[in-house]
Amino acid sequence: MSEINTEMRPGMRARTARPKLHRVILLNDDYTPREFVVSVLASIFRMTRAQAQDVMLTAHKRGVCVVGVFTRDVAETKAVQGTEMGRREGYPLTFTTAPED
Ligand code: TYC
């Protein structure tokens, strides 16, 4: 059986796996009720209602707000879950993702 040599050698850089992180971004819209946005944020992201309120208000005022930073799969799953929670109630609430630079 062939084995992988995992030993460090002089000049080799120690490297821990550091997956690229992706932002989940909340987009403002004119129809989703503020309270509904707060509930979605609190239920999908580990956020108190006060934090969720801040994020909602930032998106409301500025158009977008970064909700959190996650590995790609987690970011995409949370964005889909949040967007689907809105769609089920007939709201245009939308979350997107973008890689961090
Ligand atoms: N702008 C919405 C309203 O006035 C509330 C809202 C805030 C919707 C943030 C989406 O990402 C959002 N009812």
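**Exercise 1. Place T16 in the chain and decide whether it is buried or exposed.**

Start with position. T16 sits in the segment before β1. This is a predicted model. Next, take the accessibility. T16 has a relative accessibility of 62%. Exposed means over 50%. T16 therefore counts as exposed. Finally, look at a distance. T16 and M85 are 69 residues apart along the chain, and 36 Å separates their C-alpha atoms.

**Exercise 2. List the elements of the protein chain in order.**

Count them by kind. The protein chain has three helices and three strands. Now read from the N terminus. The order is β-α-α-β-α-β.

**Exercise 3. Compare the protein chain with a compact globule of 101 residues.**

Take the radius of gyration. A compact globule of that length would come near 13 Å, whereas the protein chain has 19 Å. Then take the extents. The C-alpha trace spans about 60 × 30 × 20 Å along its principal axes. Turn to burial. Of the 101 residues, 29% count as buried. Now the surface. About 7500 Å² is exposed, and 51% of that comes from carbon and sulfur atoms. Last, the contacts. Consider those between residues at least 6 apart in sequence: 70% of them join residues at least 24 apart.

**Exercise 4. Find the buried residues of α1 and the elements they pack against.**

Locate the helix. α1 covers residues 34-44. Pick out its buried residues. They are F36, V37, V38, V40, L41 and I44. Then look at their partners. The buried residues of α1 pack against β1, α2, β2 (64-71), α3 (72-88) and β3 (94-99). One of them, V37, is also among the residues around the ligand.

**Exercise 5. Explain why H22 and T83 count as buried, and name their contacts.**

Begin with H22. H22 lies in strand β1. Its relative accessibility is 10%. Buried means under 20%. So H22 counts as buried. Set aside neighbours within four places in sequence. H22 is then in contact with G68, V69, F70, R72, A75, A98, P99 and E100.

Move on to T83. T83 belongs to helix α3. Its relative accessibility is 14%, so T83 counts as buried. Set aside the sequence neighbours within four places again. T83 is in contact with L93, T94 and F95.

**Exercise 6. Describe the shell around the ligand: its residues, their classes and the elements that supply them.**

First, name the residues. Around the ligand are L26, L27, N28, D29, T32, R34, V37, M56, A59 and H60. Second, sort them by class. Five are nonpolar, three are polar and two are charged. Third, trace them to elements. β1 (21-27), α1 (34-44) and α2 (49-62) each supply at least two shell residues. The largest share, three residues, comes from α2.

**Exercise 7. Find the polar atoms that face the ligand, then say how much of the ligand the protein covers.**

Take L27. A polar backbone atom of L27 is 2.8 Å from an oxygen atom of the ligand. Take N28. Here a polar side-chain atom lies 2.8 Å from a nitrogen atom of the ligand. Take D29. A backbone N or O atom of D29 is 2.7 Å from a nitrogen atom of the ligand. End with the cover. On its own the ligand has 350 Å² of accessible area, and the protein covers 89% of it.

How values were computed
Residues numbered from 1 in each chain as written. Predicted model: local features only at pLDDT ≥ 70, side-chain atom pairs only at ≥ 80, totals over all residues. Heavy atoms only, no water. Near = heavy atom within 4 Å. Polar contact = N/O pair within 3.5 Å; in protein donor to acceptor, adjacent residues only side chain to side chain. Areas by Shrake-Rupley, 256 points an atom, 1.4 Å probe, with all protein chains shown as cover. Helix = DSSP H or I, 4+ residues; strand = E, 2+ residues; numbered from the N terminus. Nonpolar A, V, L, I, M, F, W, Y, C, P; charged D, E, K, R; others polar. Rg over C-alpha atoms; globule rule 2.2 N^0.38 Å. Buried < 20%, exposed > 50% of the residue type's maximum accessible area, 1.4 Å probe, protein only. Contact = heavy atoms within 4.5 Å.
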